[in-house]
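User: Please take a close look at one part of this model, the surroundings of the ligand, and then follow the chain outwards from there. I am in my first year, so please explain each term when it comes up.

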Amino acid sequence: MQTLVQEAAKIISNSKRTLALTGAGVSVESGIPDFRSATGLWAKFDPAEYATIDAFRNNPEKVWNMLREMDALLKDAEPNKAHIGMAQLEEMGCLHTIITQNVDNLHQEGGSRKVIEYHGNSSTLSCIWCGKKYTAEEKRDEIPPKCQCEKLLKPDVVFFGEAIPVNALNESYQLAASAQALIVAGTSALVSPANSIPEIAKSKGAKIIEINKEETHLTDNVTDIFLQGGAGEIISALVAE
Ligand code: APR
């Protein structure tokens, strides 16, 4: 593994523009379950029933049963070595931007300044009926949180069936097309359009460094260096190299 880490570190230090695409796996060591591992959130709540915008519109109380669990985990979560290590890489000029699918704000709390959030962020809430906005803090003690119009509020995270924020989409595609290295960490790369980032980067000649506990469909087809193991430990080793 050490030689692979050394090889990955060399690619990153020679790269004029390195990006990262991260998923739930980088926050598992902060106590937030991922989605598709055996102990993931979707093992407990069927995303078709709990994570689509139609499910929320038709039965917000039911969806808040799932969101309540997420909320409890997000509230006390702290950045782990993966988040902190990626912020150090940015500080060292070795990581230009993180494109994250996560909504937990932990990259920012870990010190990263350039973060593109593909699936929104759970720290603000909106009323999909009257449009009023609140911060999650304001409604911390009121679960499920209600709007002044009496309807239930929705976290500003992208549910299945909702569009990705257009500036996140455009900026990430531009960056992916000009990256020389892409670190893909803690994602099963099953959800589009985030999962097109590795292919775009690869097609333009970027080296793909994948960090995951287990192989994904990228590993044999797209990945140049597969660093298998926990994101916290591997990213710390990369920073040290
Ligand atoms: N270190 C490294 N990788 C890990 C760790 C860890 N400690 N723990 C889990 N993983 C890996 C798993 O092996 C898996 O490949 O992280 C990946 C998590 O994959 P998913 O659970 O599918 O999460 P993600 O890829 O972020 O899902 C994408 O799907 O449900 C939607 O909107 C949701 O943003 C999410 C999107």
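Analyst: A residue is called buried when its relative accessible area is under 20%, exposed when it is over 50%, and partly exposed in between (1.4 Å probe, protein chains only). Thr 223, with a relative accessible area of 13%, is therefore buried. The model is a predicted one, in which local features need pLDDT of at least 70 and side-chain atom pairs count only at pLDDT 80 or more, while totals for chains, interfaces and linings use all residues. Residues are numbered from 1 along each chain as its sequence is written, and side-chain values use heavy atoms, with hydrogens and water left out.

We can begin with the ligand itself. There are 23 residues around the ligand, and those that come nearest are Ala 24, Phe 35, Arg 36, Thr 187 and Ser 188, where being near requires a heavy atom within 4 Å. Sorted by class, this shell holds seven nonpolar, eleven polar and five charged residues; here Ala, Val, Leu, Ile, Met, Phe, Trp, Tyr, Cys and Pro count as nonpolar, Asp, Glu, Lys and Arg as charged, and the others, Gly among them, as polar.

Some of the atom pairs at the ligand can be described one by one. A backbone N or O atom of Gly 186 lies 3.3 Å from an oxygen atom of the ligand, and a backbone N or O atom of Lys 213 lies 3.4 Å from a nitrogen atom of the ligand. Glu 214 takes part through its side chain, with a polar atom 3.4 Å from an oxygen atom of the ligand. Taken alone, the ligand exposes 730 Å², and the protein buries 94% of that, with areas from the Shrake-Rupley method and a 1.4 Å probe.

The shell is also shared between two parts of the chain. An automatic or database domain assignment gives domain 1 (1-32 + 80-119 + 164-241) and domain 2 (33-76 + 121-157), and each of the two supplies at least three residues to the shell around the ligand. Their C-alpha centres lie 26 Å apart, yet 14 residues of domain 1 are in contact with ten residues of domain 2, contact meaning heavy atoms within 4.5 Å.

Thr 187, one of the residues that come nearest to the ligand, deserves a longer look. Thr 187 sits in the loop between strand S7 (181-185) and helix H8 (197-203); helices (H or I, at least four residues) and strands (E, at least two) are DSSP runs, numbered from the N terminus. At a relative accessible area of 7%, Thr 187 is buried. Leaving out residues up to four places away in sequence, Thr 187 touches Leu 21, Gly 23, Gln 101, Asn 212 and Thr 216. The side chain of Thr 187 also reaches the backbone nitrogen of Ala 189 at 3.1 Å, a polar contact, that is, a pair of N or O atoms within 3.5 Å, where within protein one must be able to donate a hydrogen and the other to accept it, and residues adjacent in sequence count only if both atoms are side-chain atoms.

Ala 189 lies in the loop between S7 and H8 and has a positive phi of about 55°, although it is not a glycine. With 2% relative accessibility, Ala 189 counts as buried. Further along, Ser 192 and Pro 193 are joined by a cis peptide bond with omega of about 0°, and Pro 193 has its place in the loop between S7 and H8.

Gln 101, which Thr 187 touches, leads on to His 119. The side chain of His 119 reaches the backbone oxygen of Gln 101 at 3.2 Å, and His 119 itself is in the loop between strand S3 (115-117) and strand S4 (120-126). His 119 counts as buried because its relative accessibility is 14%. Apart from residues up to four places away in sequence, its contacts include Thr 100, Asp 156, Ile 164 and Val 191.

Finally, we can return to Thr 223, found in the loop between helix H9 (217-221) and strand S9 (225-228). Its side chain makes a polar contact of 2.7 Å with the side chain of Glu 210, and beyond its neighbours within four places in sequence Thr 223 is in contact with Ile 208, Glu 210 and Leu 218.
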